[in-house]
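Let's take a walk through a structure with two chains and see how its pieces sit together. Keep the 3D view open and turn it as you read.

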Amino acid sequence: MDFILQPWAWYVGGPLIALSLFLYFYFGQNFGASTNFETLCTMAGAGKVSDYFKKDWKQRDFALLFVVGLIIGGFISANFLTPNQAIDVNVSTIQALSDLGFTNIANQYFPDEIFSTDALFSIKGFLILFISGVLVGFGTRYAGGCTSGHAITGLSSLQLPSLLAVIGFFIGGIIAVWFIIPLLF
Amino acid sequence: MKNIKFLVLGIFFAIVLSKSQAISWYRFYEMFRFESFHMFGIIGSAVVISAIIMQLFKSGKIKDVNGNKIVPKPKQKGVVRTLVGGTFFGLGWGISGACAAPIFVILGFKSLPALVLLIGALLGAFIYGILSKKLPH
């Protein structure tokens, strides 16, 4: 039990992600997460507005169950499996965040500056999360996949579009971290 | 119900992401600053092991639970869609520290902020759907 409660090293997490991919394919489906955003749009009635969403979401019941599993797994992890959320980050990372005015750095998974209730109920904080969400949802569907679908599934099956998408992910992520976050905080 | 295994797999995957800290904002912040090996180790080892698994699928040595050959769906081609779409995705990922699957996992950790991210992501997917015929791919 002690192992379960400790943070898992990269060489535990990476192989177990590969195991998840293996099981997903072994169960007869294509591994990925972001198509679910479209499926949820379809379920919410988006097909009335655009033909793009006129799909039979019941064919993706397996993926919706996977999503329900992700949510349940998140609750289990948050409440029972992560008594210690401290992240062992580099001194230079702490310094950079400290310079931006971040406090309580890396003592928990999510910084208060973005994820606290106070931040969420400020106009700026709400917009930061909401617009990030829009960018994730729009970008992943435009690119045709996310970290699971492109970076793991696509790269490992040697698909060129996935390499381009991952290059895009890093262009966006680097701009966000080096230029946008310093502007926001 | 035969698809219940996907629910169990979802729980497992969420626990793996949570325990290996691959849902933490700080882990992606340091990744995009190239100041830590952790996320590169996770994604890199996952890709290398998955590449071996893909070869076993391709050669037909491993078939799926129904005995069918496993063929990953070909990704849609297009330099603009992958690079530009990928950059949009990376911007959202870099700011919020949340990509697609973790948004659902974070609902268990930080319910309200994750709900705002999720509603935003659904709106983003909806906007793409409406514009998809007009956008360059």
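Start with Phe32 of chain B. Leaving aside neighbours within four places in sequence, Phe32(B) is in contact with Gly173(A), Ile174(A), Ala176(A), Val177(A) and Gly94(B). Phe32(B) belongs to helix H2 of chain B, and it counts as buried because 22 other C-beta atoms lie within 10 Å, where 20 or more are needed. Along its own chain, Phe32(B) is 54 residues away from Gly86(B), and the C-alpha atoms of the two are separated by 14 Å. One thing to keep in mind as we go: this is a predicted model.

**The two chains together**

How many residues does each chain bring to the contact? Chain B gives 103 residues and chain A gives 112. On the side of chain B that touches chain A, the elements giving two or more residues are helices H1 (4-19), H2 (25-32), H3 (38-58), H4 (79-96), H5 (100-106) and H6 of chain B. Sort the residues on that side by class and you get 62 nonpolar, 29 polar and 12 charged.

**Chain A on its own**

Now look at chain A. What is it built from? Chain A has 10 helices and zero strands, so to speak an α-α-α-α-α-α-α-α-α-α pattern when you read along the sequence. Its C-alpha trace spans about 50 × 45 × 35 Å along the principal axes. Of the 185 residues in chain A, 50% are buried. If you take the contacts in chain A with a separation of 6 or more, 44% of them come from residues 24 or more positions apart.

The domain assignment splits out domain 1 (1-83) and domain 2 (116-185) of chain A. Taken over C-alpha atoms, the centres of these two domains are 17 Å apart. Their contact takes eight residues from domain 1 and nine residues from domain 2. On the domain 1 side, helix H2 (10-26) and H3 of chain A are the elements that give two or more residues. That side has five nonpolar, two polar and one charged residues.

**A shared nonpolar core**

In soluble globular proteins, nonpolar side chains tend to be buried together. Which residues of the largest nonpolar core touch the most other members? Out of its 102 residues, they are Leu21(A), Leu70(A), Ile103(B) and Val105(B). Domain 1 (1-83) and domain 2 (116-185) of chain A both give residues to this core, so it lies between them. Zoom in on Leu21(A): not counting residues up to four places away in sequence, it touches Phe31(A), Ile152(A), Thr153(A), Ser50(B) and Ile53(B).

**Helix H3 of chain A and what covers it**

Is helix H3 of chain A mostly covered or mostly open? H3(A), residues 35-43, is mostly covered, with seven of its nine residues buried. Those seven are Asn36(A), Phe37(A), Glu38(A), Thr39(A), Leu40(A), Cys41(A) and Thr42(A). The cover over them includes helix H4 (61-81) and helix H8 (123-143) of chain A, along with helix H6 (111-131) of chain B. Just after H3(A), Gly45(A) takes a positive phi of about 100°.

Helix H8 of chain A is also home to Thr140(A). Thr140(A) touches Phe37(A), one of the buried residues of H3(A). Its other contacts, not counting residues up to four places away in sequence, are Ser34(A), Gly145(A), Cys146(A), Phe89(B) and Ala100(B). Thr140(A) is buried, with 35 other C-beta atoms within 10 Å. The C-alpha atoms of Thr140(A) and Gly172(A) are separated by 12 Å, and the two residues are 32 apart along the chain.

**Two unusual backbone angles in chain B**

Most residues other than glycine have a negative phi. Here are two in chain B with a positive phi:

| Residue | Phi |
|---|---|
| Gln21(B) | about 65° |
| Phe34(B) | about 55° |

Where do they sit? Gln21(B) is in the loop between H1 and H2 of chain B, while Phe34(B) is in the loop between H2 and H3 of chain B. Are they buried or exposed? Gln21(B) is buried, with 23 other C-beta atoms within 10 Å. Phe34(B) is exposed, because 11 such atoms lie within 10 Å and the cut-off is 12 or fewer.

Key: Residues numbered from 1 in each chain as written. Chains lettered and ligands numbered in written order. Predicted model: local features only at pLDDT ≥ 70, side-chain atom pairs only at ≥ 80, totals over all residues. Helix = DSSP H or I, 4+ residues; strand = E, 2+ residues; numbered from the N terminus. Contact = placed C-beta atoms within 7 Å. Nonpolar A, V, L, I, M, F, W, Y, C, P; charged D, E, K, R; others polar. Core = buried A, V, L, I, M, F, W, Y, C linked by C-beta atoms within 7 Å. Domains from an automatic or database assignment.
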